[in-house]
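Here are my notes on this model, in numbered points. Please read them alongside the coordinates.

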Amino acid sequence: SQKVSSSHKQTTPWNSQKDDQLESFINQWAPTMSQAYTKYNGKIALKTKLDVKYPKNFAQAKVNGSTSASIGWAPSGKGKYDYNVVAVYNYNQPKDLGRTTYAFAFHEGKPVVLINQTMEGPDNWTVAKDTTLKSRFVEIVNGK
């Protein structure tokens with residue numbers, strides 16, 4: 001008789017362990033810039049300055065100024081969007097200096113960090129320039 005292995009586990013690019021690692025990193029990284037980020041917990045909407053709420057506002061958001069790319073909440077990293085967001089962190093800056101919001105996402109299966117500092121007009125996300133943030137997200141995704 002043959003024994004058939006049932007190791008066909010469906011793998012997703014993101015899980016709670018990776019989410020915890022990212023949160024730990026953000027909590028160490030943010031103070032180096034005198035910032036403190038609030039994380040979207042998957043239940044209660046994350047509210048930013050100007051009353052923008054995530055994940056709801058992803059429906060109207062643009063990526064790189066284009067409405068043709070969709071962005072949305074997909075906690076496993078696999079979803080129906082062009083940018084499947086697994087984590088959102090927001091920092092409301094003091095006074096009228098606005099906000100900095102990061103979305104950690106998967107685009108065509110690859111990890112990408114998006115930033116949004118929109119204060120007026122359409123909600124627009126662009127690829128973040130912070131190399132430390134981007135490289136650490138990739139390391140966490142890859143299990144390092």
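1. Core first. In this predicted model, the largest nonpolar core holds 21 residues. Ile 26, Tyr 102 and Phe 104 touch the most other members of that core. Five elements each give at least two residues to this core: the helices α1 (16-29) and α2 (131-141), and the strands β6 (83-92), β7 (99-107) and β8 (110-116).

2. Phe 104 deserves a look. Leaving aside residues up to four places away in sequence, Phe 104 touches Leu 22 and Ile 26. Its partners also include Asn 84, Val 85, Val 86, Ala 87 and Tyr 89. Val 112, Val 113, Leu 133 and Phe 137 complete the list for Phe 104.

3. There is a second core, separate from the one above. This second core has 17 residues, among them Leu 46, Ala 103, Val 112 and Trp 125.

4. Element order. The chain carries two helices and nine strands. Reading from the N terminus, the order is α-β-β-β-β-β-β-β-β-β-α.

5. Burial and contacts. The chain has 144 residues, and 40% of them count as buried. Take the contacts with a separation of 6 or more: 49% of these join residues 24 or more positions apart.

6. Extent and surface. The C-alpha atoms fill a box of roughly 70 × 35 × 30 Å along the principal axes. The exposed area of the chain is about 8700 Å². Carbon and sulfur atoms supply 49% of that area.

7. Charges. The chain has 19 positive and 11 negative charges. Their mean positions lie 6 Å apart.

Key. Residues are numbered from 1 along each chain as its sequence is written. This is a predicted model: local features need pLDDT of at least 70, side-chain atom pairs count only at pLDDT 80 or more; totals for chains, interfaces and linings use all residues. Side-chain values use heavy atoms; hydrogens and water are left out. Helices (H or I, at least four residues) and strands (E, at least two) are DSSP runs, numbered from the N terminus. Buried means under 20% relative accessible area, exposed over 50%, partly exposed in between (1.4 Å probe, protein chains only). Contact means heavy atoms within 4.5 Å. Accessible areas come from the Shrake-Rupley method with a 1.4 Å probe; for residues, only the protein chains shown count as cover. Lys and Arg count as positive and Asp and Glu as negative; His and the chain ends are not counted. The place of a charge is taken as NZ of Lys, CZ of Arg, CG of Asp or CD of Glu. A nonpolar core is a set of buried Ala, Val, Leu, Ile, Met, Phe, Trp, Tyr and Cys residues joined through side-chain atoms within 4.5 Å.
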